[in-house]
Amino acid sequence: VDILFFNIHDNPKKIASPKTKAAFRRWKEQGKVRFLGLTTHKAMKEGMESALKAGWYDCLMPSYQLNLRDSFKDVFKECQKKNVGVVAMKTKISEGDTSAAPVFLSDKPVTTICKTMNSLSQVKAYIQGIRQKVSQAECQKIINQTRIAAIGRCGMCGGCSRVCKNNLAVSDIVRSVDYYIDTIKDYDYGQQNYLDIAGNKNAANCLDCGSCEEVCPNNVQIGRASCRERV
């Protein structure tokens with residue numbers, strides 16, 4: 001395996017666990033893996049900072065959209081300084097739209113985009129798209145459009161889960177709808193992602209307190225749009 005990604009979402013402190021380092025070192029000595037990666041879609045920036053501080057990750061794959069660009073500048077700078085690659089996932093790039101791809105890759109630490117593709121024509125379109133040159137003005141225009149489009153869409157910051165009074169997996173619930181169903185149009189996977197959530201943490205246990213919606217920076221109507229009616 002070229003890059004082995006550890007999937008750590010629930011607690012940034014686990015990212016720096018010596019057990020993770022020991023497991024990777026053992027498999028590397030056995031010739032099974034070459035590089036160690038981290039993938040996270042909750043508290044992305046905090047997770048990346050924890051990984052960079054640990055010092056043994058070669059590649060990071062956070063959930064990342066262009067409306068987060070300003071807040072990620074410092075951590076991207078540190079990635080570049082430490083020669084740690086970044087793979088952008090859950091970018092909210094719509095099917096058939098490749099205009100934003102070169103903007104993502106204009107950030108030096110971002111080496112590639114993790115994108116679901118269902119046909120060879122999509123692959124060819126993305127290869128062509130990332131080769132396009134875009135001016136600074138065009139980049140800024142796309143970023144501004146992304147910020148507007150982010151209103152009402154989950155940014156996967158994890159803030160909703162952190163404030164939930166019943167300790168529900170709110171961001172996982174929202175992701176089932178907002179990303180898998182609305183963005184990549186895969187209803188079956190979205191439903192399965194929801195069914196994988198532990199019974200005591202799913203939407204059936206929502207208290208309707210509204211705490212998650214109060215902290216959402218993108219004004220997502222979490223209770224009505226995601227927690228019950230749509231999954």
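Begin at M117. Setting aside neighbours within four places in sequence, M117 is in contact with Q122, V123 and Y126. This is a predicted model. M117 sits in the loop between strand 5 (110–114) and helix 6 (120–130). Is M117 buried, partly exposed or exposed? Its relative accessible area is 31%. That makes M117 partly exposed, because the partly exposed class runs between the 20% and 50% cut-offs. M117 also has a partner in space that lies well along the chain. I184 is 67 residues away in sequence, yet the two C-alpha atoms are 9.1 Å apart.

Now step back to the whole chain. The secondary structure comes to 12 helices and five strands. How does the radius of gyration compare with that of a compact globule? For 231 residues, such a globule would have a value near 17 Å. The protein chain has 18 Å, which agrees. Along the principal axes, the C-alpha atoms fill a box of roughly 45 × 45 × 35 Å. Buried residues make up 45% of the 231 residues. Consider the contacts with a separation of 6 or more. Of these, 70% join residues 24 or more positions apart.

The surface and the charges come next. The accessible surface of the protein chain is about 12700 Å². Carbon and sulfur atoms account for 50% of that area. The chain carries 35 positive and 23 negative charges. The mean positions of the two sets are 6 Å apart.

Go inside. The largest nonpolar core has 50 residues. Which members touch the most other members? They are Y57 and L60. Beyond its neighbours within four places in sequence, Y57 is in contact with I8, I15, T20, L36, G37, L38, A51 and V84. A second, separate core has five residues, including A169, I173, Y194 and A203.

One of the contacts of Y57 is T20. T20 lies in helix 2 (residues 18–29). Its relative accessibility is 8%. T20 therefore counts as buried, since the cut-off is under 20%. Leaving aside neighbours within four places, T20 is in contact with F6, I8, K14, W56 and Y57. I8 thus appears in the contact list of T20 and in that of Y57.

Another contact of Y57 is A51. A51 belongs to helix 3 (residues 44–54) and is buried there, along with M44, G47, M48, S50 and L52. What covers the buried residues of this helix? The cover includes helix 1 (12–15), strand 2 (35–40), strand 3 (59–62), helix 4 (69–81) and strand 4. A general rule helps in reading such a list. An α-helix has 3.6 residues a turn, so residues three or four places apart point the same way. After helix 3 comes G55, whose phi is positive, near 85°.

Positive phi turns up elsewhere too. Most residues other than glycine have a negative phi. K90 is a residue other than glycine with a positive phi, near 50°. K90 lies in the loop between strand 4 (85–89) and helix 5 (101–105). Is K90 buried or exposed? K90 is buried, with a relative accessible area of 8%. N167 has a positive phi as well, near 55°. Its place is the loop between helix 8 (159–163) and helix 9 (170–181).

Helix 5 holds A101. Its relative accessible area is 0%, so A101 is buried. Apart from neighbours within four places in sequence, A101 is in contact with I93, I113 and I130. F72 is 29 residues from A101 along the chain, and their C-alpha atoms are separated by 17 Å.

Finish at R131. This residue lies in the loop between helix 6 and helix 7 (136–149). Is R131 buried or exposed? At 65% relative accessibility, R131 counts as exposed, because the cut-off is over 50%. A203, a member of the second core, is 72 residues from R131 along the chain. The C-alpha atoms of R131 and A203 are separated by 42 Å.

Conventions. Residues numbered from 1 in each chain as written. Predicted model: local features only at pLDDT ≥ 70, side-chain atom pairs only at ≥ 80, totals over all residues. Heavy atoms only, no water. Helix = DSSP H or I, 4+ residues; strand = E, 2+ residues; numbered from the N terminus. Rg over C-alpha atoms; globule rule 2.2 N^0.38 Å. Buried < 20%, exposed > 50% of the residue type's maximum accessible area, 1.4 Å probe, protein only. Contact = heavy atoms within 4.5 Å. Areas by Shrake-Rupley, 256 points an atom, 1.4 Å probe, with all protein chains shown as cover. Lys, Arg positive; Asp, Glu negative; His and termini not counted. Charge placed at Lys NZ, Arg CZ, Asp CG, Glu CD. Core = buried A, V, L, I, M, F, W, Y, C linked by side-chain atoms within 4.5 Å.
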